[in-house]
Structures are given as C-alpha cells and as structure tokens.
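Here is a short briefing for a reader who is new to this structure. Take a look at the sequence and the model before reading on.

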Amino acid sequence: MLNVQFDAEALRQIIREEIQEAVIDTQKARELPPLLTRKELMELLHIGQTKTSELLARSDFPVFREAGLLIPTDLLFKWIEKNTKWVEENSNYLSVI
C-alpha cells in the first residue's frame, strides 16, 4: 500500500517561490520594449541562433518584417501562452512533472 505524507509548509514554500518568480517575470515583461530585435528575443528566451531561426520561420510566430525583423512583445507573450496551452492539452506533459 502506498503511504503518502503531505508537508503543508513545504508546499507553501514552493507556492511562494513560484509566485515570486511569476511576479518578477511580469515586471520584466513590463520593462520590455514594444518591439524586440532578434538579439533581444534570443536573450529573453535564452535560446541560440538556430532555435531563433526556427521560431522566426514559423508561419504562426509573430514577426513584423515591414520595418526589418522585429517581434511585437505583446504578441510574443500571447503566442507563448497559446502554444503552452496547446502542449498542455495535447500531451501528457503535466502528468510527467
């Protein structure tokens, strides 16, 4: 028989840390310019040139090419949210964590 013990204080600490990280991420998002350059996108997402090129080549990735190659920050975060939801809904990703 499986015996599971629940540590409420440890759970509270995890929740506090996650909330703090989310607040920091939200503050960073507010500090970003309305349009990101390729380099800023790479720094923000912590990705290299290859992954950046793959993202920019996607037809559903928000890119403003009329003024060079710029990424609208607000649309980027909406794209991330949409695609994160897609992964959650179409895979067993959360059951693995």
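A residue counts as buried under 20% relative accessible area, as exposed over 50%, and as partly exposed in between. Arginine 58, at 37%, is therefore partly exposed. Keep in mind that this is a predicted model.

**Overall make-up**

- The chain has five helices and two strands.
- Read from the N terminus, the order of these elements is α-β-α-α-β-α-α.
- The chain holds 97 residues, and 15% of them count as buried.
- Its accessible surface comes to about 8,000 Å². Carbon and sulfur atoms account for 57% of that surface.
- Take the contacts in the chain with a separation of 6 or more: 42% of them are between residues 24 or more positions apart.

**Salt bridges**

- How many salt bridges does the count come to? The count is four.
- One of them joins glutamate 9 to arginine 12, with the closest N and O atoms 3.7 Å apart.
- Both of these residues belong to helix H1. They sit three residues apart, which is about one turn of the helix.
- An α-helix has 3.6 residues a turn, so residues three or four places apart point the same way.
- Glutamate 9 also forms a salt bridge with arginine 16. Here the closest N and O atoms are 3.3 Å apart.
- Salt bridges thus link Glu9, Arg12 and Arg16 in a network.
- How open are these three side chains to the surface? Glutamate 9 is partly exposed, because its relative accessibility is 43%. Arginine 12 is partly exposed at 46%, and arginine 16 is partly exposed at 42%.
- Another salt bridge brings together the side chains of aspartate 60 and arginine 58, at 2.9 Å from N to O.
- Aspartate 60 has 33% relative accessibility, so it counts as partly exposed. Its partner, arginine 58, is partly exposed at 37%.

**The aromatic pair**

- How many aromatic pairs does a search of the whole structure find? The search finds one.
- The pair is made by phenylalanine 61 and tryptophan 79, whose ring centres lie 4.8 Å apart. Their planes meet at 80°, so the pair is edge-to-face.
- Phenylalanine 61 is in the loop between helix H3 (49-57) and strand E2 (71-72), while tryptophan 79 is in helix H4 (residues 73-90). The pair therefore ties together parts that are 18 residues apart in sequence.
- Are the two residues buried or exposed? Both phenylalanine 61 and tryptophan 79 are buried.

**The two sides of helix H3**

- Which residues of H3 are buried? They are Thr52, Leu55 and Leu56.
- These buried residues cover an arc of only 95° around the axis, so they lie on the same side of H3.
- The face of H3 turned away from the buried side carries the exposed residues Thr50 and Ala57.

**A nonpolar surface patch**

- Phe6, Leu11, Ile15, Ile19 and Val23 make a nonpolar patch on the surface. The patch is about 480 Å².
- One of its members, isoleucine 19, is placed in helix H1, which covers residues 8-31.

Note on methods: Residues numbered from 1 in each chain as written. Predicted model: local features only at pLDDT ≥ 70, side-chain atom pairs only at ≥ 80, totals over all residues. Heavy atoms only, no water. Patch = residues over 30% accessible without salt bridge, like charges linked within 9 Å, V, L, I, M, F, W, Y side chains within 5 Å. Areas by Shrake-Rupley, 256 points an atom, 1.4 Å probe, with all protein chains shown as cover. Helix = DSSP H or I, 4+ residues; strand = E, 2+ residues; numbered from the N terminus. Buried < 20%, exposed > 50% of the residue type's maximum accessible area, 1.4 Å probe, protein only. Phe/Tyr/Trp six-rings, centres within 6.5 Å; stacked < 30°, edge-to-face > 60°. Contact = heavy atoms within 4.5 Å. Arc of directions from axis to C-beta.
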